[in-house]
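User: Could you teach me how to read a sheet and the helices around it? I would like to start with the basic idea and then see the case here.

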Amino acid sequence: MATKVPVTIVCAGGGGVGKTTSSAALAVALARTGKKTLIVTVDPARRLAHAMGVEVTEEIQPAHVEPAVEGKLFALMPEPRRSTPTFAKVLYEGRPDDLARVMKNPVYLTMADAAAGMHEIVSLILVAKAIDEGDYDYLVIDTAPSRNALDFVSYPGRLAVLFEGRAVGWLGNLASNVAQDDRGPGLFASMEKRVEAMFGRILNPRVLKDLAQLFADLALIKDRFARFARMSERMLLGERTRYLLVSAPTGSAQADVSFLAKRLARLNHEPTALLLNRSDEREPEWIAALRAEAPGWPPLAEAMTQVEHEFQVRKRAGDRLSAALGKELVRVPQVRLPTLESPDPAQIVRELATKLEPHLATLVRPIG
Amino acid sequence: MASAPPDKLSPRGALPPLGPVVLVTGKGGVGKTTLAAGIAEAAAAREGRAVLIEFGDGESGKRMLGARSKVAHRVVDPRDAMERAVANILGSTILARLFIGNFAVRPMLRAAPAMRELAMLEVVRIYAEEHPGARVVVDMPATGHGLAWLRLPVQMRDMFASGPIHDLAQRLIDRLVSPSRCSVVVVTLPERLVLSETIELCRALEVEVGLPPARLVVNRFPRDLPAEAWDAARAITARGGESAPAAQQLLRMLDARREAQREALEILGSAVKTSLHTRPLILREQMEDPSATDVAAWLTEEGAA
């Protein structure tokens with residue numbers, strides 16, 4: 001079992017802000033300092049995964065981005081569409097018969113498939129397993145691109161409540177009555193408690209039977225699940241956890257960050273820093289250099305006028321975003337990153353990593 | 001704001017009409033909310049009324065629509081939806097509260113979100129039926145979750161062979177998630193990953209849910225830079241000297257954009273040939289975010305509203 005508790009950096013933000021790319025860049029920058037780093041992408045971008053030399057699977061793999069981070073950077077990019085079987089596979093490790101039964105239970109398949117937070121829970125369990133088995137200095141978690149991204153912090157606890165409280169026993173009893181005595185809808189007529197009767201009216205015997213089996217099967221792996229849940233909770237809410245909010249001047253990104261900051265406050269945490277993507281601060285030098293050439297090349301002059309205009313618009317939007325968030329989150333330091341365009345995603349990751357290097361101390365500093 | 005679609009996908013034929021309920025989905029951050037608000041605005045401008053339904057806190061829709069919009073904005077809250085759906089089954093709000101608040105039921109419902117989501121769909125159906133004749137636009141959750149959500153009525157109907165949840169699911173299949181009642185609009189971006197996810201989503205919508213998308217909108221399509229700028233940048237690079245590295249930067253940017261456009265057209269082109277039933281609508285990148293009214297005007301111009 002691992003002795004080291006890694007410093008965990010949770011990156012959260014709305015969709016379309018470049019969160020996955022900047023999380024990867026942060027992991028590269030940390031690995032460049034010689035520290036063993038694991039990047040976990042909850043909603044993996046296949047193209048980025050390939051660019052980093054890893055596959056989208058439930059296995060941890062060494063990443064290949066550049067020679068400087070070989071052997072230091074690892075990636076875990078689980079496939080979202082496989083979370084229903086993965087969840088069962090991890091929890092029923094070494095119990096093939098139980099696993100086969102759960103994977104045939106229609107209640108499990110329907111519920112797990114439709115559960116909004118399922119993939120996050122699976123990813124967390126995989127991470128908990130990973131840090132249990134390997135000594136990492138840094139763990140970078142790229143959450144799903146959603147306002148609800150931080151809800152996953154409370155999922156393990158929520159499920160643990162279901163296991164630890166009286167609820168499972170009560171539901172198990174209620175359901176096992178049905179399992180033994182399947183006489184159809186009239187079954188609950190004799191039940192005294194109103195809620196039990198209502199249960200009978202809302203569910204039906206067949207479903208209750210499958211539900212009972214599922215509870216019985218879940219009870220088998222209760223301790224294993226609880227251990228992973230406690231580890232995840234420590235990992236996400238412990239004193240070695242940092243929260244990085246990622247935004248960009250687009251759509252609802254700013255509102256998403258305010259929302260997430262409030263959500264963090266309710267968890268008694270505060271953002272370590274704000275990462276503002278596509279928020280250019282100064283004109284790149286190459287624009288000025290090419291402008292000097294423009295008089296000799298009319299099409300170039302036309303292109304440069306457009307490029308420059310785009311840059312001005314982006315800078316204004318970046319300034320507005322930075323000012324608005326600065327007013328709202330007064331104490332939170334901001335790191336502004338420029339827009340990088342390249343057909344090669346690995347190149348963007350490496351260049352962003354270089355831009356992040358001078359800010360690493362800010363990004364991983366302890367809070368409070 | 002609108003510009004001619006690129007050559008390969010250019011037949012500007014008529015698009016299939018939209019159903020009374022329009023479900024807007026796509027990957028996170030592609031501009032679903034903006035488009036949903038745009039469709040609602042266009043309908044309100046044409047017919048005088050429309051409803052925009054949003055899940056969550058309702059901030060995004062409110063911001064997109066603006067204060068003077070004629071669109072009725074409804075926010076579906078999961079807890080209220082659950083109470084409403086259970087009250088419908090039990091015939092009493094008080095009983096529903098008692099049931100949902102029960103010490104064992106509460107944690108189970110929190111841990112088993114499928115029920116909550118079924119209840120939210122039921123509330124969408126109720127809103128739609130409360131506004132007969134009005135276009136009802138739903139800002140759905142992102143791809144995976146949105147798809148799981150739309151599959152839910154059939155799954156639940158089959159899982160509950162009988163009883164009130166079975167009936168509720170059947171009602172949703174008949175009156176909400178059916179091709180005669182609703183249309184699905186998919187929003188995407190010209191990025192390889194987003195596009196391949198989109199194509200998979202479109203196929204799954206058709207095959208698993210029986211709702212082939214009625215519209216596919218490609219948002220933030222890069223605007224063209226003059227083609228001759230390439231030649232200039234290449235010549236300056238070849239000449240060497242002080243400006244060469246700068247010209248290389250411009251080349252990289254031009255290549256990145258052309259690659260994004262090419263990839264988008266190639267992926268969409270192959271999808272159009274196979275399972276996609278609709279001409280993709282290309283919304284060119286505007287440097288400032290467009291408002292719902294801008295999007296409504298563009299949709300009308302494209303004959304897509």
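Analyst: Happy to! To compare directions, we fit a line to the C-alpha atoms of each element, for a helix over the stretch in contact, and take the angle between the N-to-C directions, from 0 to 180 degrees. Keep in mind that this is a predicted model. Here, helix 1 (residues 32–47) of chain B runs at about 170° to strand 4 (135–139) of chain B. Helix 1 of chain B lies across several strands, including strand 1 (21–26) and strand 2 (50–55) of chain B.

User: Which strands of chain B does helix 9 touch?

Analyst: Helix 9 (residues 192–207) of chain B packs on the sheet and touches strand 1, strand 5 and strand 6 of chain B. Its direction makes about 165° with that of strand 5 of chain B.

User: How are strands joined into a sheet, and what is the strand order in chain B?

Analyst: Strands pair through backbone hydrogen bonds, either parallel or antiparallel. In chain B, the open sheet has 7 strands in the order 3-2-4-1-5-6-7, with parallel pairing. Strand 3 (72–76) and strand 7 (281–284) of chain B stand at the edges; each has a single partner strand, so one side of each lacks a neighbour in the sheet. On average, neighbouring strands of this sheet are turned by 20° against each other, direction ignored.

User: Over how many bridges do strand 6 and strand 7 of chain B pair?

Analyst: Strand 6 (residues 215–221) and strand 7 of chain B pair over 3 bridges, in the parallel sense. For one residue pair to look at, find B:Val217: its bridge partner in strand 7 of chain B is B:Leu281.

How values were computed
Residues numbered from 1 in each chain as written. Chains lettered and ligands numbered in written order. Predicted model: local features only at pLDDT ≥ 70, side-chain atom pairs only at ≥ 80, totals over all residues. Heavy atoms only, no water. Pairing = 2+ DSSP bridges. Helix = DSSP H or I, 4+ residues; strand = E, 2+ residues; numbered from the N terminus. Contact = heavy atoms within 4.5 Å.
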